[in-house]
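Here is a short briefing for a first look at this structure. Keep the 3D view open as you read.

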Amino acid sequence: MARKFFVGGNWKMNGDKASIDEICSWLVPGPLDPNTEVVVGVPGCYLQYVADKVAGSQVAVAAQNCYKAGKGAFTGELAPAMIQDCGVNWVILGHSERRNVFNETDQLIGEKVGFALQSGLNVLPCIGEKLEEREAGKTTEVCFRQLSAMLPHISDWSKVVLAYEPVWAIGTGKTATPAQAQEVHLAIREWLGQNVSPEVAAAVRILYGGSVTAANCKELAACPDIDGSLVGGASLKKDFIAIVNACQ
């Protein structure tokens, strides 16, 4: 079965109700390719607001983070059940900014992925190497290490969409070439085949993230092992529609 194309938009720490109203005014009517799954990751305080705005449309909503417990003395954190209570069924976990700005470890991210899945959320776990790791030839070593930390915690691969985001390409305007991205995506798929199962490797969607734009999205989408994109800054602009429609 063909893997359904998937485009995620990560709004990061951006937006207010006025700008969200403006984004939704063009995002909901689109037109969006009906064969593409679309999810936008929004700041925690706007989960309910955006979920209400896009209700009944093709667009789903994701939280950008959550914790590995259902409740408790974890000031500032969100539990999966809180996200679900806002009408949201997706969460982005292990984004490079969580890893590198907030020092989240591979182990913590693995535990968070596991708890989110147990709680019934769909999860977008992110992996990817820094510039010095790529230059040292350690791209796949880093990606496989990050995946290995998640592996024991993943109970249901049908609820997982992986995102490969080379850290050096996020928000820098530098993009991995389609050939570079495809090479890593293929390596990840082969690793899944060896360490999970050939069935999961064939079925799981692997997104590319890192300065995806309306100009490069079609070339990336044409690669056989790239099943969509996780888009940062461009998801706040009307260009996002062209990225969603990259397969048309």
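**Briefing: helix, barrel and cavity**

Ser96 is part of helix 4, which spans residues 96-100. The model is predicted. Its strands form a closed barrel of eight, and it holds one cavity of 30 Å³ or more.

**Ser96 and its surroundings**
- Ser96 has 9% relative accessibility, so it counts as buried; the cut-off for buried is under 20%.
- Leaving aside residues up to four places away in sequence, Ser96 is in contact with Val101, Val167 and Ile170.

**The barrel**
- Its eight strands follow the order 1-2-3-4-5-6-7-8, and their pairing is parallel.
- From one strand to the next, the twist averages 25°.
- Helix 2 (residues 47-54) packs on the sheet and touches strand 2 (36-42) and strand 3 (59-63).
- The direction of helix 2 makes about 170° with that of strand 3.
- Strand 5 (residues 122-127) and strand 6 (residues 161-164) run parallel and are joined by two bridges.
- Cys126 has Ala163, in strand 6, as its bridge partner.
- Strands of a sheet pair through backbone hydrogen bonds.

**The largest cavity**
- The largest cavity encloses about 40 Å³ of space.
- Its lining includes Phe5, Tyr208, Val212 and Ile226.
- Helix 10 (217-221) and strand 8 (228-231) each supply at least two lining residues.
- Helix 10 gives the most, with three residues.
- Cys217, Leu220 and Ala221 are among the lining residues, as are Gly228 and Ser229.
- Seven lining residues are nonpolar and two are polar, while none is charged.

Definitions and conventions. Residues are numbered from 1 along each chain as its sequence is written. This is a predicted model: local features need pLDDT of at least 70, side-chain atom pairs count only at pLDDT 80 or more; totals for chains, interfaces and linings use all residues. Side-chain values use heavy atoms; hydrogens and water are left out. Two strands pair if DSSP finds at least two bridges between them. Helices (H or I, at least four residues) and strands (E, at least two) are DSSP runs, numbered from the N terminus. Axes are lines fitted to C-alpha atoms, for helices over the stretch in contact, and angles run from 0 to 180 degrees between N-to-C directions. Contact means heavy atoms within 4.5 Å. Buried means under 20% relative accessible area, exposed over 50%, partly exposed in between (1.4 Å probe, protein chains only). On a 1 Å grid over the protein atoms alone, a cavity is a set of points where a 1.4 Å probe fits but cannot get out, and a pocket is an open set with protein on both sides within 12 Å along at least five of seven lines; lining residues have an atom within 4 Å of a point. Grid points are joined across faces, edges and corners, and a volume is the space filled by probe spheres set on the points. Ala, Val, Leu, Ile, Met, Phe, Trp, Tyr, Cys and Pro count as nonpolar, Asp, Glu, Lys and Arg as charged, and the others, Gly among them, as polar.
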